[in-house]
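Reader: I am in my first year and still learning to look at protein models. Could you take me slowly through one part of this one, and then show me how that part sits among its neighbours?

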Amino acid sequence: MKVYNFDKVISRDGTYSAKYNNKGREIIPLSVADMDIPVADFMVSELSVANQKGIYGYTLLSDDWQQVTAQWYQRHYSWKVNPEHIVFCPRVVQAVSLYIQNFTQPGDAIVSLAPAYHPISHAVEVNHRVLLESALLYRDRSYEIDFADLEDKFKTACCFILISPHNPTGTIWSEDNLRKIASLAEKYNVFIISDDVHADFNFIKNIIKQFLR
């Protein structure tokens with residue numbers, strides 16, 4: 001097991017660190033979930049980035065963030081996005097609330113898979129919508145979607161919150177699962193809010209697999 005040097009101070013200057021870039025104020029915001037030790041060496045070597053400090057925590061926006069984001073989508077998903085169409089929102093939960101407020105009405109039913117990241121589910125109720133939870137099935141040490149139950153709930157809902165990969169189970173939904181969800185949404189005219197904040201877990205998982213062989 002690798003022994004970390006917890007006494008080594010790594011400068012975060014020039015990295016847009018949300019934790020340390022406080023414009024001269026001598027405070028460290030402990031609300032930011034950011035480690036102060038570098039990740040494993042083999043992962044640092046795989047991550048081809050300009051700044052090789054070894055810490056990849058929360059950052060503030062760089063001047064070219066929209067262009068960088070568009071390039072990422074093009075490179076990893078073959079999806080060409082106009083940088084001007086990319087809108088920044090400071091937190092996923094706030095973004096979900098904005099979608100709910102603008103695309104649904106008070107009293108509308110919104111579906112989510114359960115268990116789910118609680119702040120996302122809470123965003124439904126705090127905005128005065130009705131939360132319909134479709135419980136995941138636990139089989140053979142993994143979670144599955146109960147599509148019969150999901151379809152039943154889609155019949156009375158106007159919106160579905162998809163968390164992919166799923167939080168908290170860590171499940172990476174298969175392409176077949178996603179196509180089934182899309183088909184049901186189209187059939188019942190259900191608007192999908194897709195939380196893909198952990199989308200790159202699949203990419204990282206494949207890197208780790210290569211080094212564990």
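Author: Let us begin with a pair of helices in this predicted model. The axes of helix 3 and helix 4 approach to within 9 Å and cross at roughly 25°. Since angles under 35 degrees count as roughly parallel, helix 3 and helix 4 are therefore roughly parallel to each other, and their crossing is right-handed. On the side of helix 3, the residues that meet the partner are Val 92, Val 93, Val 96, Ser 97 and Ile 100, while helix 4 brings Pro 119, Ile 120, Ala 123 and Val 124 to the contact. Sorted by class, the residues of this contact of helix 3 with helix 4 are eight nonpolar and one polar, with no charged residue among them.

Now look at helix 4 by itself, where the buried residues are Ile 120, Ser 121, Ala 123 and Val 124. Seen down the axis of helix 4, these buried residues fall within an arc of 145°, so they line one face of the helix. A general rule helps in reading such a pattern: an α-helix has 3.6 residues a turn, so residues three or four places apart point the same way. Helix 3 is one of the elements against which the buried residues of helix 4 pack, and the others are strand 1, strand 2, strand 5 and strand 6, the last of which spans residues 191-195.

The two ends of helix 4 also deserve a careful look. Ahead of helix 4, which covers residues 118-126, there is a loop that follows strand 1 (109-114), and Pro 115 lies in that loop. The peptide bond that leads from Ala 114 into Pro 115 is cis, with omega near 5°. Just after helix 4, at the other end, His 128 takes a positive phi of about 65°.

A second cis bond can be found elsewhere in the chain, namely the one from Ser 164 to Pro 165, where omega is near -5°. Pro 165 is placed in the loop that joins strand 5 (159-163) to helix 6 (175-188).

Helix 6 leads us to another pair of helices, because helix 5 and helix 6 are also roughly parallel to each other. The axes of helix 5, which holds residues 147-154, and helix 6 come within 10 Å and cross at roughly 25°, and helix 5 passes helix 6 in a right-handed crossing. From helix 5 the contact takes Phe 147, Leu 150, Glu 151 and Phe 154, and from helix 6 it takes Asn 177, Lys 180, Ile 181, Leu 184, Ala 185, Lys 187 and Tyr 188. By class, the contact of helix 5 with helix 6 consists of seven nonpolar, one polar and three charged residues.

As with helix 4, you can ask which residues of helix 5 are buried, and they are Phe 147, Leu 150, Lys 153 and Phe 154. These residues cover an arc of only 125° around the axis, which puts them on the same side of helix 5. The cover over the buried residues of helix 5 includes strand 1, strand 2 (130-135), strand 5 and helix 6.

Beyond helix 5, in the loop that runs on to strand 5, you will find Lys 155, which counts as exposed because its relative accessibility is 52%. The C-alpha atoms of Lys 155 and Leu 184 are separated by 9.3 Å, although the two residues are 29 residues apart along the chain.

Two further loop residues are worth finding for their backbone angles. Ser 78, in the loop between helix 2 (65-77) and helix 3 (92-103), has a phi near 55°, a positive value in a residue other than glycine, and with 62% relative accessibility it counts as exposed. Asp 140, in the loop between strand 3 (137-139) and strand 4 (142-144), has a positive phi of about 50° although it is not a glycine, and its relative accessible area of 77% makes it exposed.

Finally, you can place these parts within the whole chain, which has seven helices and six strands. From the N terminus on, the elements follow the order α-α-α-β-α-β-β-β-α-β-α-β-α. Of the 213 residues in the protein chain, 30% are buried. Among contacts with a separation of 6 or more, 59% are made by residues 24 or more positions apart.

How values were computed: Residues are numbered from 1 along each chain as its sequence is written. This is a predicted model: local features need pLDDT of at least 70, side-chain atom pairs count only at pLDDT 80 or more; totals for chains, interfaces and linings use all residues. Side-chain values use heavy atoms; hydrogens and water are left out. Helices (H or I, at least four residues) and strands (E, at least two) are DSSP runs, numbered from the N terminus. Buried means under 20% relative accessible area, exposed over 50%, partly exposed in between (1.4 Å probe, protein chains only). Axes are lines fitted to C-alpha atoms, for helices over the stretch in contact, and angles run from 0 to 180 degrees between N-to-C directions. Angles under 35 degrees count as roughly parallel, over 145 as roughly antiparallel, 65 to 115 as roughly perpendicular and the rest as oblique. A crossing is left-handed if the near helix is turned anticlockwise from the far one by less than a right angle, and right-handed if clockwise. Contact means heavy atoms within 4.5 Å. Ala, Val, Leu, Ile, Met, Phe, Trp, Tyr, Cys and Pro count as nonpolar, Asp, Glu, Lys and Arg as charged, and the others, Gly among them, as polar. The arc is that of the directions from the helix axis to the C-beta atoms.
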